Number of protein chains: 2
Amino acid sequence: MVKKRARETDDDAEQAFLEGYRPGAFPRPSVTVDLVIFTVRDRVLSTLLVRRGEHPFKGRWALPGGFVRVSDDRLDQGESLDDAAHRELAEETGLDAERAGKVRLEQVGAFGAPGRDPRMRVISVAYCALLRPTLAPLVRAGGDVDAARWYPLDELPPLAFDHATILDRALAHVRARLESSPIAFELVPETFTIAELRTVHELVYGQSLDPGNFRKRFLRMVEEGVLEKARGSRATASKPASVYRFVRT
Amino acid sequence: MVKKRARETDDDAEQAFLEGYRPGAFPRPSVTVDLVIFTVRDRVLSTLLVRRGEHPFKGRWALPGGFVRVSDDRLDQGESLDDAAHRELAEETGLDAERAGKVRLEQVGAFGAPGRDPRMRVISVAYCALLRPTLAPLVRAGGDVDAARWYPLDELPPLAFDHATILDRALAHVRARLESSPIAFELVPETFTIAELRTVHELVYGQSLDPGNFRKRFLRMVEEGVLEKARGSRATASKPASVYRFVRT
DNA sequence: TCAAAAGTGTTGTTCATACACCCATGG
DNA sequence: CCATGGGTGTATGAACAACACTTTTGA
């Protein structure tokens, strides 16, 4: 009982502290989220870039992104980083909330080198995502950007800020992830053939893979229940191929 | 030439914009770095915690860390995130700059859930590090903390803020890293036996490893030149064992 | 129009590697 | 008791070979 009262006193002191607390005048950075969205277009791995309509770097291409909405209001401190990333995804790509919400965003890391934004100190939290090629054509410029377009990774224009660095790190992130988890399934349509999935892997890794070996790994995943055969087949360059589907857990 | 002039005009416009720019009144979050420092003490994987001397969470244990020093001054926007992490490492552990500078800090990610700090909106960038057990005893409370001590991972006290989450993610980060890179060498003294390194791996993974298999992997690394035999041997519980050293690249 | 050639996916084999599991030895 | 050192079987991936089916090419 004594212990409980002591605890309550502690809590009271903490409560009193919080109610009297006024955020100090220590300088704070702005915080943004930047998105690296990959897709496959015309058998090329591409990423979404937007053209900046305002200074700084006006006219330059940049990763989509924007400021995280925050507040010191104790009851509503604003949106989370993940929410901010999803909001920017929807805003800058024009995808509706339902589709944007289904996209799996993964945090790549925080980038905060001084001077990366000439206006002021900005710390950016980068996210990456893989967008189904069936959704990619729906993307259009939205928000406060001039234009939005998919750029093949080997035809990138000069990028604003340190976005080239962020893009490199995001690509490394996706490559590392691909070795251990089946996220590549987000880069193919709902149903796909073995060869189609192999092509996507080849694009991400940047090198060709042995069709036979890939097939074996693929069929092993079918036995494990990660993949399942879907109805129908598809006409390909050679033999008609069966189509498969990713089994959602 | 015309092109060059146009380009200069663009640059001029950008320059003019920057000189006229005044950071807006958009609310900004505070940004901190938090450190998850692992070491091995008495054959137990442990992490460094500090006791908070001030509200909020006064008296609670927390990860060492602090605010990133930033500024909107265009000539000096303050320290980088990595620098902030190293500075906090030195400040809160009392390690001298030379030793603290040698510690390899890796970014784990950004944590920015609203409400994680009851005072105000705070976004934290977490770093993790492995500290040589020979350095661990030198650590003492520094900076504005009550006390600092090493806690075994299975005897953690309740932590302030969302630091329990951050710690979990940092541990997962280290485990994932350990499978592909030899950072475990930072958790043993300069020279070590095969069994000692295996023990460290077992501690990090939380499960015992086959001595024979580990030995084979170890000797393979010796052949690759990642490790080399050091002079002397060490008396162990059983047979005297040779000692090895990590080859710095 | 038909047949050969080229392209591509499929199926099977070989080889080397790495790990899991087991066991005898010796300090 | 436990690290050492060795052994075997298995799973996996790399590289390669033979084959099936389709499309293209050219007589």
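**Close-up 1. A:Lys216 meets a base of DNA strand D.** In this predicted model, a polar atom in the side chain of A:Lys216 sits 3.5 Å from a base nitrogen of DNA strand D.

**Close-up 2. Two arginines and the phosphates of DNA strand D.** Let's turn to the backbone of the DNA. The side chain of A:Arg220 places a polar atom 2.9 Å from a phosphate oxygen of DNA strand D. From chain B, the side chain of B:Arg198 has an N or O atom 3.3 Å from a phosphate oxygen of that strand. Looking at the atoms of DNA strand D within 4 Å of the protein, you will find that 76% belong to sugar or phosphate, while the rest belong to bases.

**Close-up 3. The protein surface around DNA strand D.** Here 16 residues surround the strand, and the closest are A:Asn213, A:Arg220, B:Arg215, B:Lys216 and B:Ser238. By type, the surface has nine charged, four nonpolar and three polar residues. Which helix gives the most to this surface? Helix H6 of chain A does, with four residues. Helix H5 (194-205) and helix H6 (211-224) of chain B also supply at least two residues each.

**Close-up 4. How chain B maps onto chain A.** Rotate chain B by 180 degrees, with 0.0 Å of shift along the axis, and it superposes on chain A with an RMSD of 0.2 Å. This is the relation of a two-fold axis. In chain B, the C-alpha of B:Gly109 is the one nearest the axis, at 2.6 Å. Both copies use the same surface: 100% of the contact residues of chain B recur in chain A.

Note on methods: Residues are numbered from 1 along each chain as its sequence is written. Chains are lettered from A and ligands numbered from 1 in the order in which they are written. This is a predicted model: local features need pLDDT of at least 70, side-chain atom pairs count only at pLDDT 80 or more; totals for chains, interfaces and linings use all residues. Side-chain values use heavy atoms; hydrogens and water are left out. A residue is near a molecule or strand if one of its heavy atoms lies within 4 Å of it. A polar contact is a pair of N or O atoms within 3.5 Å; within protein, one must be able to donate a hydrogen and the other to accept it, and residues adjacent in sequence count only if both atoms are side-chain atoms. Ala, Val, Leu, Ile, Met, Phe, Trp, Tyr, Cys and Pro count as nonpolar, Asp, Glu, Lys and Arg as charged, and the others, Gly among them, as polar. Copies are superposed by least squares on the C-alpha atoms of residues with pLDDT of at least 70 in both. Contact means heavy atoms within 4.5 Å.
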